[in-house]
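Let's take a friendly tour of the open and enclosed spaces in a protein model. Have the viewer ready and follow along.

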Amino acid sequence: MRRMAVGMFALAVMTSAACHKNKAPVARPATPASMPSSTAPAPPSPPSPVPAPTMVPPEPVREDAIASASLDNLNKNAPLKPVFFEYDSDELSSEAQQVLNENAGVMKKYATWAVTIEGHCDERGTAEYNLALGERRAVNTRAYLMSLGIGADRMRTVSYGKEFPFDSSHSESAFEKNRRAHFVITAK
Amino acid sequence: MMKHLFATTVAAGLVVGLLRAQQPPPPAPTQPPPQQPTEIVTTISGEGGSAPRLVVLDFIPLSSDAETVAVARTIGQVLWDDLNYEREFSFIPRDVYSTVPRATSLETIPFDRWRELNADGLIIGTVQKGSDGLKAQLRLYNVRTRQIAYNREYTSSNARLIAHTASDELHESQRALKGVARTKITFDSDRAGERMGGTVENRGVKDIFVTDYDGENSRQITANKTLNIAPRWSPDGRSIAYTSYRRGGANIFISNIFQGTLVEVTEGNKVGENWLPAWAPDGSRVAFTSTRDGNPEVYIANRDGSGLRRLTNHPGIDISPTWSPSGTQVAFTSDRSGSPQIYIVGVDGLNLQRKTSESYCDKPTWSAPPYNEIAYASRTGPGFDVKVLDLATGQTRQLTFGEGSNESPAFAPNGRHLVFTSTRSGKTHVFTIARDGRDVRQLTKTGNNEKPDWSK
């Protein structure tokens with residue numbers, strides 16, 4: 001007859017106070033313009049205690065810097081490049097596969113790294129369906145890397161749908177940047 | 001003449017504590033306005049079968065202090081808005097009221113003048129401050145006979161709640177209609193402006209919020225510096241199920257908002273991603289999408305996560321489940337045909353039916369009786385519009401027409417309204433709209449506000 005309306009309330013609330021927070025740092029992806037054929041990561045500035053640069057050959061410095069960088073700094077330099085997708089597609093283009101080939105090389109070199117592959121979408125799909133589309137992108141990316149010999153247990157996937165656009169403007173160029181699988185190094 | 005016998009439990013204000021240290025403590029729970037035993041109620045009708053024409057006056061303050069005067073005005077105006085929302089009555093415009101001598105008591109109402117203005121019914125009341133909050137008396141008069149058609153007293157600390165309660169009771173007693181004045185809307189929002197910690201990219205968190213159906217009385221439910229999205233009211237209005245990334249991946253949580261307890265329906269990252277819970281009509285189970293078997297499929301579990309079973313089985317994406325009002329079917333979105341479309345399946349997994357053949361459809365929501373409709377977001381251009389499918393006739397009607405992108409519809413419990421999001425005013429905001437597409441109202445004003453749901 002009549003609903004028992006929302007009764008009396010002890011106020012309360014789930015304070016699910018900060019649980020085990022996902023500490024995963026998130027790397028800033030390179031811009032798409034510069035990313036497709038990128039090679040080695042930009043050389044980070046050498047740690048201050050290091051003696052004069054001339055004393056050390058460039059290549060080993062970079063190696064050491066990567067090996068010794070904090071996860072945050074590592075992700076800032078994005079040694080694993082993001083891959084981009086066509087509208088409403090989860091297929092890896094040949095360009096994307098090329099990027100993943102390079103990422104696989106990096107992951108083989110640093111065999112202790114573990115990564116989270118994030119799937120993202122542009123704003124033109126619905127928020128709900130995009131959760132699944134982003135997951136498809138992340139899963140396909142992971143599967144391709146597995147086919148290159150990267151261990152499954154080193155790669156987790158998560159989809160953020162269209163919740164975290166890299167570029168929040170509403171332009172085609174923003175959409176292109178937002179349809180991506182993004183790598184975050186979570187352990188090294 | 002109709003007897004109004006039942007005693008009702010009246011909703012007290014929704015009191016949701018805030019979890020954030022910097023926030024003031026939440027107000028104490030409001031007391032439900034006790035009901036007086038009800039007398040005979042008569043219904044007022046309009047002339048010639050038209051909708052009854054009402055005057056809803058500001059209440060008469062029984063003391064002259066500013067607070068009581070303000071409360072008296074609030075009750076009358078909120079009640080006017082609440083009654084107007086269902087369009088069961090017509091109204092003498094408020095700007096005409098000043099041309100009629102003001103009643104200073106319930107005994108001095110100028111009925112002749114209101115009758116001259118063609119009023120059928122007149123609502124007025126008194127309000128005073130008491131030791132236990134506000135005490136309001138409401139009367140609905142038949143303007144022709146000058147007799148009392150409805151008479152109630154309310155006690156509450158919340159003036160808006162008094163008006164909302166009165167509106168629901170008047171709709172029920174006068175129009176046999178379940179109003180929505182005491183219902184709530186929940187949605188996710190980035191309005192708190194917090195950034196996610198530990199990330200290199202600048203990422204805003206999202207939290208769950210609730211408001212009254214009219215957008216007032218907004219409260220924050222979650223605060224854990226991550227993504228909390230797509231909240232859904234339990235049928236009893238005491239819990240909210242939602243998708244949260246607080247464990248890293250996406251998982252289903254149920255917040256029992258009046259007990260302060262939290263249930264993890266899906267556990268951690270061991271079982272794939274889990275999204276978009278939807279309550280069964282009896283509140284015992286939730287349907288949601290999970291990738292635990294390697295592909296997004298719809299599952300049904302008990303509200304504590306036990307008794308999990310898989311409902312769909314297709315290599316395509318199956319997502320956005322919602323229950324039929326009877327609890328015997330689930331509508332969902334699947335791209336098994338190549339693009340996202342709306343499907344219906346029995347809760348036993350049988351009798352799959354495709355319901356849409358459009359460009360891109362998502363987020364079905366199923367209306368309560370007497371309507372039997374599924375609303376959804378449909379791509380109509382660069383963005384989406386809300387459409388409604390009448391399941392009996394198979395006819396589809398469109399409610400929005402390209403003003404921004406219009407997504408994530410959810411029906412009001414009486415099926416007469418929907419809540420949805422639109423980008424028509426810039427950012428993404430929550431709006432309500434009548435089921436015929438009229439009466440669009442913007443509920444939120446700050447931040448981006450998405451994926452709303454309407455309490456039962």
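## The largest pocket

Which residues lie nearest the centre of the largest pocket? In this predicted model, they are E123(A), H170(A), T428(B), N448(B) and E450(B). The lining as a whole has 47 residues, and the space inside comes to about 1100 Å³.

Both chains contribute secondary structure here: helix 5 (172–178) of chain A supplies at least two lining residues, and so does each of strand 24 (384–390), strand 26 (406–411) and strand 30 (449–454) of chain B. Sorted by class, the lining holds 20 polar, 18 charged and nine nonpolar residues.

## The second largest cavity

Now for the enclosed spaces: the model has four cavities of 30 Å³ or more. The second largest has a volume of about 50 Å³. Its lining takes E128 from chain A, together with R232(B), L276(B), P277(B), S320(B), P321(B), K363(B) and P364(B). Strand 14 (274–279), strand 18 (318–323) and strand 22 (361–366) of chain B each give two or more residues to that lining.

By class, the lining of this cavity has four nonpolar, three charged and one polar residue.

## A buried aspartate

Strand 30 of chain B, which helps line the largest pocket, also contains D453(B). What is the nearest side chain of opposite charge to D453(B)? It is R232(B), 4.3 Å away, and D453(B) is buried without a salt bridge. R232(B) also appears in the lining of the second largest cavity.

D453(B) does have a polar neighbour in the backbone: a polar atom of its side chain lies 2.8 Å from the backbone nitrogen of W233(B).

Definitions and conventions
Residues numbered from 1 in each chain as written. Chains lettered and ligands numbered in written order. Predicted model: local features only at pLDDT ≥ 70, side-chain atom pairs only at ≥ 80, totals over all residues. Heavy atoms only, no water. 1 Å grid on protein atoms, 1.4 Å probe; cavity = no way out; pocket = protein on both sides within 12 Å on 5 of 7 lines; lining within 4 Å. Points joined across faces, edges and corners; volume = space filled by probe spheres on them. Helix = DSSP H or I, 4+ residues; strand = E, 2+ residues; numbered from the N terminus. Nonpolar A, V, L, I, M, F, W, Y, C, P; charged D, E, K, R; others polar. Buried < 20%, exposed > 50% of the residue type's maximum accessible area, 1.4 Å probe, protein only. Lys, Arg positive; Asp, Glu negative; His and termini not counted. Salt bridge = Lys/Arg side-chain N within 4 Å of Asp/Glu carboxyl O. Polar contact = N/O pair within 3.5 Å; in protein donor to acceptor, adjacent residues only side chain to side chain.
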